[in-house]
Amino acid sequence: MDNVNKIALVTGASAGIGEAYSQLLAKDGCSLVVVARSADKLASLAKTLEQQYKIKVFVCVQDLAEPNAAANIYNFTQQNNLAVDLLINNAGFGDVGNFLDHSMEEHSAMLRAMLGAIVELTHFYLPSMLGKKHGGIINVSSVVGLLGLSLRSQVTRALYRPIKCFVIAFTEQLALAYKDTGVHFQCLCPGLTISEFHKRSGQAGLRDKTPKFLWLSSEEVATRSYFALRKNRKVIVVTGFINKIGIFIHRLVNLFSI
Ligand SMILES: NC(=O)c1ccc[n+]([C@@H]2O[C@H](COP(=O)([O-])OP(=O)(O)OC[C@H]3O[C@@H](n4cnc5c(N)ncnc54)[C@H](OP(=O)(O)O)[C@@H]3O)[C@@H](O)[C@H]2O)c1
């Protein structure tokens, strides 16, 4: 895919993997719509990328947990005449605690931001991609979505893993339904990635407590995902050799325990 004159929309572009995707795409000549809540971070990213790569960056400040978030983003792109070629549903955060430790308002906000927004944005942007017979959608899940409940963690999470399982199933379903249409689908399943994620979701010290080789940088994760999409070889992309081995062993053990 030649990215000159192409437009990518990246949610969660103000930090971590989303910011790395934005850097990578801008370097490749793609104009961007960057979405997150932190207006200052998005504005500074847009300024840097526009100066460095001579592309256009449109800043769309939006909390994805708001009920009309996807419609607001779609209206923003319509008003600016932006036909999105690549949609990257990346924004996300972790929850800490058991199911009843959170209010229903907190659960609903997480479901809207990390599940509803992905489905709605896909519903808004897929028709025009199909019409052009060209486009891509990357949904960011996690290796935890591929691992079973036996996964031990120092932090209990209520909805994070179920949401990530949904994102995997949703992307696989789309890839099957719209095979050979010119639109490419990918579900990225990163393992431990250096970003703001763990600090924000109650695991600030995790990096010091785990072996360094388990971690990849956000740039490495975004690069592997982007190149896999360009080759269009796989729907599920797992980053990190160790994670691939872990999933293989996990599946083997499950197979023999049925
Ligand atoms: N880091 C890891 O180890 C890891 C592993 C597996 C999967 N992942 C997944 O990778 C994705 C990116 O995470 P990351 O590691 O890059 O984390 P990060 O550094 O914390 O970045 C998260 C991004 O999502 C945005 N965001 C969060 N809540 C939002 C909301 N309600 N509305 C709009 N934007 C929101 C944040 O921007 P604002 O705060 O400015 O809104 C930020 O740009 C997530 O889906 C995460 O689940 C991460």
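The questions and answers below look at some helices and the nonpolar core of a predicted model.

Visitor: What makes helix 1 largely enclosed by the rest of the structure?

Guide: A helix here is a DSSP run of H or I with at least four residues, numbered from the N terminus, and a residue is buried if 20 or more other C-beta atoms, placed from the backbone, lie within 10 Å of its own. Ten of the twelve residues of helix 1 (residues 16–27) meet that cut-off, so helix 1 is largely enclosed; among them are G16, I17 and G18. Residues are numbered from 1 along each chain as its sequence is written. Because the model is predicted, local features need pLDDT of at least 70 and side-chain atom pairs count only at pLDDT 80 or more, while totals for chains, interfaces and linings use all residues.

Visitor: How do you know that helix 9 lies largely in the open?

Guide: Of the 16 residues of helix 9, the number buried is one, so helix 9 lies largely in the open.

Visitor: Why is helix 1 called oblique to helix 8?

Guide: Their axes, lines fitted to C-alpha atoms over the stretch in contact, with angles running from 0 to 180 degrees between N-to-C directions, make an angle of about 60° and are 8 Å apart. Angles under 35 degrees count as roughly parallel, over 145 as roughly antiparallel, 65 to 115 as roughly perpendicular and the rest as oblique, which makes helix 1 oblique to helix 8.

Visitor: What makes a set of residues a nonpolar core?

Guide: Its members are buried Ala, Val, Leu, Ile, Met, Phe, Trp, Tyr and Cys residues joined through C-beta atoms within 7 Å. The largest such core has 66 residues, and its largest share, nine residues, comes from helix 4 (residues 104–132).

Definitions and conventions
Helix = DSSP H or I, 4+ residues; strand = E, 2+ residues; numbered from the N terminus.
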